[in-house]
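Trainee: Could we go through this one together? I'd like to start with the DNA and then move on to the protein chains.
Mentor: Gladly, go ahead and ask.
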There are 2 protein chains.
Amino acid sequence: MIKRKESSVNLENEKALAAECPFIFALSLMGKRWKPAILWKMTEGIYRFGEMKRAIPQISEKMLTQHLRELESDGLITRTVYHEMPLRVEYALTEFGTSLQPILKQLNTWGEKAQNIKNTMPK
Amino acid sequence: MIKRKESSVNLENEKALAAECPFIFALSLMGKRWKPAILWKMTEGIYRFGEMKRAIPQISEKMLTQHLRELESDGLITRTVYHEMPLRVEYALTEFGTSLQPILKQLNTWGEKAQNIKNTMPK
DNA sequence: TGTGGTAGTTACCAAAAAGTAAGTATATGA
DNA sequence: TCATATACTTACTTTTTGGTAACTACCACA
């Protein structure tokens, strides 16, 4: 679905880093653009596709689908389809996804500190 | 030095996310390509430009310079020039940069778990 | 005058990520 | 038969990131 060359220095570097450094591997799972926002929202509970779209208004449907699919295949969330009409699809954190929560909180706290530093020392 | 349009939906989205979510702001400071590797190495102590280059062989001089400059302007590391011959430039973590260490470790641990899950459940 | 060492800088190009907009599928109800 | 609702797909384009390779500046030493 996402077209990528099978080899390029760029990709090889990324792979090598993710393989040798678990931290970078972790970032590859949850550190892309809208993923933190999605994961953050989901700590509140189950979300439907449309609900998440409304919860993060700037995200495009394409990016939302793409990120949800990746999070699912990486084992962070589950996707459940209810064959009703209109269709209902629910997304929820897995246990593994939930285990990220305390780390997200810590990084969030650190990020707040960083924002303050930036604001008190402009330029 | 780094050319970026002053406005684009892409950039505006990134800014908005970083402003409202400290977690994403944190990622923008330390989550790019070689930065975790650089920060990780530096927890061992002071590094010279050339030492870091040899410590992370795949990194190009361009990316190393760029990341070091960004880490410096974001207050995570210091850059000290010694006007000797040959020139000596030393990079070291600031207190703020050091405060990231426990979080890096936690995410690292989580990443290891994720790697194991991936390896035990291929496909 | 030329070679070597440190620490970069620069221009150019390839690759990847993200955005846009229009289209798909399924079924209900007017 | 048309409009509505949900949940996507797809083709295409723009923007951003990363890599390559050649070049700069400073000075020491032979």
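Trainee: Which atom of DNA strand C does a polar side-chain atom of A:W34 lie 3.3 Å from?
Mentor: Bear in mind that this is a predicted model. In it, the polar side-chain atom of A:W34 lies 3.3 Å from a phosphate oxygen of DNA strand C.

Trainee: And what does B:G50 use to approach a phosphate oxygen of that strand?
Mentor: For B:G50 the atom is a backbone N or O, 3.1 Å from a phosphate oxygen of DNA strand C. The side chain of B:R48, in turn, has an N or O atom 3.0 Å from a sugar or linking oxygen of DNA strand C.

Trainee: Which elements give two or more residues to the surface near DNA strand C?
Mentor: Chain A contributes α1 (9-20) and α5 (61-73), while chain B contributes α1, α4 (49-55), α5 (61-73) and β3 (88-93). The largest share, 4 residues, comes from α5(B).

Trainee: How many residues are around DNA strand C, and which come nearest?
Mentor: There are 28 around DNA strand C, and A:K62, A:M85, B:N13, B:R79 and B:Y91 come nearest. By class they divide into 10 nonpolar, 7 polar and 11 charged. If you look from the DNA side, 75% of the strand C atoms within 4 Å of the protein belong to sugar or phosphate, and the rest belong to bases.

Trainee: OK, strand D now. Which residues are closest there?
Mentor: DNA strand D is surrounded by 28 residues, of which the closest are A:N13, A:E61, A:R79, A:Y91 and B:K62. A polar side-chain atom of A:Y91 lies 2.7 Å from a phosphate oxygen of DNA strand D. From chain B, side-chain N or O atoms also approach phosphate oxygens of this strand, at 3.0 Å for B:S8 and at 3.4 Å for B:W34.

Trainee: What gives the most to the surface near DNA strand D?
Mentor: That is α5(A), with 4 residues. Of the strand D atoms within 4 Å of the protein, 78% are sugar or phosphate atoms and the rest are base atoms.

Trainee: Switching topic: how much area do chain B and chain A bury between them?
Mentor: About 3700 Å², with 73% of it on carbon and sulfur atoms. On the chain B side, B:F23, B:R33 and B:W110 supply 21% of the area buried against chain A, more than any other three residues. The contact takes 38 residues from chain B and 39 residues from chain A.

Trainee: B:R33 again, then. Which side chain does it meet in a salt bridge?
Mentor: The partner is A:E14, with an N to O distance of 3.5 Å. Between the two chains the count is 2 salt bridges, and there are 8 residue pairs in polar contact across the interface. On the side of chain B that touches chain A, α1 (9-20), α2 (22-30) and α7 (101-120) each supply at least two residues, and α7(B) has the largest share, 13 residues. That side of chain B has 24 nonpolar, 9 polar and 5 charged residues.

Trainee: How many aromatic pairs does the whole structure have?
Mentor: The search over all chains finds 2 aromatic pairs. One of them joins A:F96 and B:W110, and this pair is stacked, with 4.7 Å centre to centre and 5° between the planes. The pair crosses between chains, from A:F96 in helix α6 (residues 95-98) of chain A to B:W110 in helix α7 of chain B.

Key:
Residues numbered from 1 in each chain as written. Chains lettered and ligands numbered in written order. Predicted model: local features only at pLDDT ≥ 70, side-chain atom pairs only at ≥ 80, totals over all residues. Heavy atoms only, no water. Contact = heavy atoms within 4.5 Å. Buried area = accessible area lost by both parts, 1.4 Å probe. Salt bridge = Lys/Arg side-chain N within 4 Å of Asp/Glu carboxyl O. Polar contact = N/O pair within 3.5 Å; in protein donor to acceptor, adjacent residues only side chain to side chain. Nonpolar A, V, L, I, M, F, W, Y, C, P; charged D, E, K, R; others polar. Near = heavy atom within 4 Å. Phe/Tyr/Trp six-rings, centres within 6.5 Å; stacked < 30°, edge-to-face > 60°.
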